[in-house]
Amino acid sequence: MIDPEQLLSQYEGKLAQAQAKSDAIRENLAHLQVTESSPDGQITVTINDAGNLVALQLGQALQRKDGAAVAQDVMRTLQAAQSRIASVVQEAMAPLLGADSETMHLMMDKLRSAQPPPPPE
């Protein structure tokens, strides 16, 4: 006969492990960022794990350019960073989730479908 106390203890242990793993995943993602610079080094963008812009640095030479050209350069650099986020998340999360786990595949499919392809050179 199965001891209910032992069953409950095992369940609580598994639940605690799942919670610890979930906390570790959340912590890793909270600190994950990608930084990308434009080819001339005048624009540097940093994005978070969702691909949102969290930092932008503009070089001195951009002061001589018109606003439309600067905006286009910023967007191209942002897209370059966003196109790398899936691979950075995969590298960071594989040790926690397992590189070939169903959860990892689902996360990567979602990230890849949400981010733009790298901008043309």
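User: In which strand is the place of L56?

Analyst: The model shown here is a predicted one. In it, L56 has its place in strand β3.

User: How should I read the exposure of such a residue, and is L56 buried or exposed?

Analyst: A relative accessible area under 20% means buried and one over 50% means exposed, with partly exposed in between. L56 has a relative accessibility of 43%, so it counts as partly exposed.

User: With which residues is L56 in contact, apart from its neighbours within four places in sequence?

Analyst: Contact means that heavy atoms lie within 4.5 Å. Once the neighbours within four places are set aside, L56 is in contact with I43, T44, V45 and V74. A separation between C-alpha atoms is another way to read position: those of L56 and T35 are 9.5 Å apart, and these two residues are 21 residues apart along the chain.

User: Which residue of β3 stands opposite V45?

Analyst: V45 has L56 of β3 opposite to it. On the side of β1 and β2, E36 is the residue that stands opposite V45 in β2. A further pair joins I43 to its bridge partner in β3, L58.

User: How many bridges join β2 to β3, and in which sense do the strands run?

Analyst: Strands count as paired if at least two bridges are found between them. Strand β2, residues 43-48, and strand β3, residues 53-58, are joined by five bridges and run antiparallel. Strand β1, residues 33-37, also pairs with β2 in the antiparallel sense, over five bridges.

User: What lies between the strands of each hairpin?

Analyst: A hairpin may be read from the residues that link its two strands and from their backbone angles. Between β1 and β2 there are five residues, and G41 in that turn has a positive phi of about 80°. Between β2 and β3 there are four residues, and in this hairpin G51 takes a positive phi near 85°.

User: Is β2 mostly covered or mostly open?

Analyst: Strand β2 is mostly covered, with five of its six residues buried. For the protein chain, 28% of the 121 residues count as buried.

User: In what order do the elements of the protein chain run?

Analyst: An order of elements is read from the N terminus on. Here the protein chain runs α-β-β-β-α-α, with three helices and three strands. The radius of gyration is 21 Å, well over the 14 Å of the globule rule for 121 residues, so the protein chain is more spread out than a compact globule. Along the principal axes, the C-alpha atoms fill a box of roughly 80 × 25 × 20 Å.

User: Where is Q6 found, and how many Å separate its C-alpha atom from that of S83?

Analyst: Q6 is found in helix α1, which covers residues 4-31. The C-alpha atoms of Q6 and S83 are separated by 49 Å, with their positions 77 residues apart along the chain. At 46% relative accessibility, Q6 counts as partly exposed.

User: What can be said of the surface and the charges of the protein chain?

Analyst: The accessible surface comes to about 8,300 Å², and 54% of this belongs to carbon and sulfur atoms. The protein chain has 9 positive and 15 negative side chains, and the centres of these two sets lie 7 Å apart.

Conventions. Residues are numbered from 1 along each chain as its sequence is written. This is a predicted model: local features need pLDDT of at least 70, side-chain atom pairs count only at pLDDT 80 or more; totals for chains, interfaces and linings use all residues. Side-chain values use heavy atoms; hydrogens and water are left out. The radius of gyration is taken over C-alpha atoms; the globule rule is 2.2 Å times the number of residues to the power 0.38. Buried means under 20% relative accessible area, exposed over 50%, partly exposed in between (1.4 Å probe, protein chains only). Accessible areas come from the Shrake-Rupley method with a 1.4 Å probe; for residues, only the protein chains shown count as cover. Lys and Arg count as positive and Asp and Glu as negative; His and the chain ends are not counted. The place of a charge is taken as NZ of Lys, CZ of Arg, CG of Asp or CD of Glu.
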